[in-house]
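Trainee: Could you show me how to read helix faces, cores and cysteines in a model like this one?

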Amino acid sequence: MSYTMQKSAGGEFDAVVETTIESLEGEEFGVLCDIDVQQTLEKKLNEDFRRYRILGACNPALAHRSLQEEIELGALLPCNVIVYEDNDGGVTVSAVDPEQLVGIADNSALDSVAEEVHERFERVLDAVEAAARD
């Protein structure tokens, strides 16, 4: 079973990153961290790597609800969304599947939050894909 949700996006890498961030904001997610993996690997290891960004996304209201049910869930937050150059020269946007992630906690009280986050991430990915076609 896959632990991510993903869409291919045409267009320029930085534009896809910006569209992804804007789409996350439209679903009330803030980006708490933005890790440039390519830059980090170059700086720390002197290694070349494809363009690859990890966006740590958090919806405060949903995070609060989740933490009230499962205090240890913070170890799994924020939810990561990645944007990377794929092997074919395109750009892929992928998000952790919150239903899979929350399944680790084995707490059915989190199911409704995971479903809501999943639906929001689907809309984000659909918006990124649609923007790439325009």
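Mentor: Happy to; we will take a helix, then the core, then the cysteines. This is a predicted model, where local features need pLDDT of at least 70, side-chain atom pairs count only at pLDDT 80 or more, and totals for chains, interfaces and linings use all residues. Residues are numbered from 1 along each chain as its sequence is written, and side-chain values use heavy atoms, with hydrogens and water left out.

Trainee: Which residues of helix α3 are buried?

Mentor: An α-helix has 3.6 residues a turn, so residues three or four places apart point the same way. In α3 (residues 60–69), L62, A63 and S66 are buried. They fall within an arc of 100° seen down the axis, so they line one face of the helix. On the other side, P60, A61 and Q68 are exposed. Buried means under 20% relative accessible area, exposed over 50%, and partly exposed in between (1.4 Å probe, protein chains only). The arc is that of the directions from the helix axis to the C-beta atoms. Helices (H or I, at least four residues) and strands (E, at least two) are DSSP runs, numbered from the N terminus.

Trainee: What do the buried residues of α3 pack against?

Mentor: They pack against β3 (52–58) and α5 (111–133), where contact means heavy atoms within 4.5 Å.

Trainee: How many disulfides are there?

Mentor: A disulfide is a covalent bond between the sulfur atoms of two cysteines. With the cut-off for a sulfur pair at within 2.5 Å, the count is zero. For C33, the nearest cysteine sulfur, that of C58, is 10 Å away.
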